[in-house]
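Visitor: I am in my first year of study and would like to look closely at a single part of this structure. Could you please choose one helix together with the sheet it meets, describe them with care, and then place them in their wider surroundings?

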Amino acid sequence: MLKSQKNKYTKEDPLEHDEYNFAYLDEQTKRMIRRAILKAIAIPGYQVPFSSREMPMPYGWGTGGVQVTASCLCPTDTLKVIDQGADDTTNAVSIRKFFEKTANINTTDDTNSASIIQTRHRIPEEPLKEGQILIYQVPIPEPLRFLEPRETETRIMHALEEYGLMHVKLYEDITKHGHISTAYAYPIKVEERYVMDPSPIPKFDNPKMHNNEALQLFGAGREQRIYAIPPYTKVISLDFEDYPFEPMKAEAICSICGSNSSYLDEIIVNDKGDKNYICSDTNYCEKRK
Amino acid sequence: MNNILSVKSLTKTYGHQIGCNDISFDLHEGEVIGVVGESGSGKSTLLSCLAGRLKVDKGSIKFKSRTDVKEELTEITEVRRRYLSRTDWAFVHQNPRDGLRMDISAGGNITERLMALGQRNYSSLRSKALNWLSKVEISTERIDDNPTTFSGGMQQRLQIARNLITEPRLIFMDEPTGGLDVSVQAKLLDLLRKIVIGLNLSVIIVTHDLGVVRLLADRLIVMKSGEVVETGLTDQVLDDPQHEYTQLLVSSVLQF
């Protein structure tokens, strides 16, 4: 499905989508979320609390991302939704359908023609451009959470820029595994100030966040936090001088499109444990075929 | 005077309850002051006030920084206080679990303060950790083990290493030997004395164990019900106690 398509069901039956306000949330809620988003953009990497709403889907399915998307959507927008890079997995399909039904907007699989992309755990391979918004679903926004369980304490640590603890984690990684073994949700420092959890994207994607032309928004529904990386923002992955950050991917090529530069999923193909690798970004793979 | 810390009329109350009342003393550089008294006499309150862990109601605490500037600790910002508390100060807890990260390896525990100060070289952090482990007499092979696998005495020594790596000038100790068996206590005291004298550290040590202060402290402060009842050189106070409470305290020690 390369070209954008209208959702025919809601088109033919206007009553169906009139039962909802545009993009499901009421206007006051969207204003509240937009204010949080503006604040987040003004302070890159800072977690802005917002009053997260119950959404008609369980926590962990992207309720935060969905609320941010709902607040950003205009009737003229074209939405793409991906889950682990794929457009056709359950989570992506459900959220895409949700907005087709409640906002009656165009949706697409094409990274290039989408104006808003909601994502779970990946950044598309195709470079994003100015004007696009990438919205991440975030399970746990606090990068220090597993090191310091007290929220009161982590807030002070952010306020006072006390990030030594983050390096203790990386130190432990090297000590236990001989290299920094954190492979996803790899901590980053935004605009030389806030340490941020990039959501569970593979660290392969971390460099794409740096100086990205698109606006990157992060929504955590259960934890009630929104944060942002504005376009052209400096994003650095934390590391040690003698153990520098290294993006990582499987040493293989995609068995469908032959790409050797994209992030790959490992597929077990039979009971003997034989493996195949394919691009995790399905749209990128499709275009290359 | 060469005071690293001067305390004047320090008062802290908990509602109607007095924590500590009108306490004044000076701590010279390189000196060890012992604070003794029974449970509830306000010694831990005093220590927490000095270390900025509790807000003081009245009085002043002047601290001489590395640059010889006198800072009023009751008025410094939270940022400055936290900076001082991980560079110039150390706080040794009675229970090492309060001062250590139990799920982080010994090496990570020791070097946390250095990483907080911006050191980003793994190999150099590691060699510093090894160096401090041997200074506190823990086998360097244990560097990658978690403190949960350490004995009580080792945990306490690890806590000391973790605190001293930034070469602080002022150490607060809250019953550092509590909960350890006597032979381990003796070893720990020996180590503490070596480090304190070797690095010329200024120490305030809170304890109810007179043996500890006899060995470590130059001067003593005896507290009862939030007030200082007697001060003086350690030997003088212990050998010739003037106040009746001090007399009781000294005579309560078992003699062998």
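Guide: Helix H1 of chain B, residues 43-50, lies across the strands E1, E2 and E4 of chain B. Its direction is at about 60° to that of E2(B). Please keep in mind throughout that this is a predicted model.

Which strands make up the sheet, and in what order do they stand? The sheet is open and has four strands, arranged in the order E2-E1-E4-E5 in chain B, with antiparallel pairing. In general, the strands of a sheet pair through backbone hydrogen bonds, and the pairing may be parallel or antiparallel. At the edges of this sheet stand strand E2 (17-28) and strand E5 (70-72) of chain B, each of which pairs on one side only. From one strand to the next, the twist averages 20°.

Let us take the pairs in turn, beginning with E1(B) and E2(B). These two strands run antiparallel and are joined by eight bridges. One residue pair may serve as an example: Leu10(B) has Ile23(B) in E2(B) as its bridge partner. The two strands form a hairpin, with two residues between them. In the turn of that hairpin, Gly15(B) has a positive phi of about 65°.

Strand E1 of chain B, residues 3-14, also pairs with strand E4 of chain B, residues 58-64. This pairing is again antiparallel, and it extends over five bridges. Within it, Leu5(B) stands opposite Phe63(B) in E4(B), while Ser6(B) faces Lys62(B) in E4(B). The three strands E1, E2 and E4 of chain B are the ones that H1(B) lies across.

A second arrangement in chain B concerns two helices. The axes of H4(B) and helix H6 of chain B, residues 152-164, come within 7 Å of each other and cross at roughly 30°. H4(B) is therefore roughly parallel to H6(B), since angles under 35 degrees count as roughly parallel. From H4(B), the contact takes in Ala106(B), Asn109(B), Ile110(B) and Glu112(B). From H6(B), the residues are Leu158(B), Ala161(B) and Arg162(B). By class, this contact of H4(B) with H6(B) has four nonpolar, one polar and two charged residues.

We may now turn to the place where the two chains meet. The contact takes 16 residues from chain B and 14 residues from chain A. On the side of chain B that touches chain A, the elements that give two or more residues are helix H2 (78-87), helix H4 (106-116) and helix H5 (122-135) of chain B. H4(B) gives the most, with six residues. Sorted by class, this side of chain B has six nonpolar, six polar and four charged residues. H4(B) thus appears in two settings: in contact with H6(B), and on the side of chain B that touches chain A.

How do these parts fit into chain B as a whole? Chain B has ten helices and ten strands. Its radius of gyration is 18 Å, close to the 18 Å that the globule rule gives for 256 residues, so chain B is as compact as a globular protein of that length. Along the principal axes, the C-alpha trace of chain B spans about 55 × 50 × 35 Å. Of the 256 residues in chain B, 44% are buried. Among contacts in chain B with a separation of 6 or more, 65% are between residues 24 or more positions apart.

Chain A may be described in a similar manner. Its secondary structure comes to nine helices and twelve strands. The radius of gyration of chain A is 19 Å, close to the 19 Å given by the globule rule for 289 residues, so chain A is as compact as a globular protein of that length. The C-alpha atoms of chain A fill a box of roughly 60 × 50 × 35 Å along the principal axes. Of its 289 residues, 46% count as buried.

One residue of chain A may close the description. Glu142(A) is in the loop between strand E5 (133-137) and helix H6 (151-159) of chain A. Is Glu142(A) buried or exposed? It counts as buried, because it has 22 C-beta neighbours inside 10 Å, and 20 or more are needed for that class. Leaving aside residues up to four places away in sequence, Glu142(A) touches Thr154(A) and Asp197(A).

Definitions and conventions
Residues are numbered from 1 along each chain as its sequence is written. Chains are lettered from A and ligands numbered from 1 in the order in which they are written. This is a predicted model: local features need pLDDT of at least 70, side-chain atom pairs count only at pLDDT 80 or more; totals for chains, interfaces and linings use all residues. Two residues are in contact if their C-beta atoms, placed from the backbone, lie within 7 Å. Ala, Val, Leu, Ile, Met, Phe, Trp, Tyr, Cys and Pro count as nonpolar, Asp, Glu, Lys and Arg as charged, and the others, Gly among them, as polar. The radius of gyration is taken over C-alpha atoms; the globule rule is 2.2 Å times the number of residues to the power 0.38. A residue is buried if 20 or more other C-beta atoms lie within 10 Å of its own, exposed if 12 or fewer, and partly exposed in between; C-beta atoms are placed from the backbone. Two strands pair if DSSP finds at least two bridges between them. Axes are lines fitted to C-alpha atoms, for helices over the stretch in contact, and angles run from 0 to 180 degrees between N-to-C directions. Angles under 35 degrees count as roughly parallel, over 145 as roughly antiparallel, 65 to 115 as roughly perpendicular and the rest as oblique.
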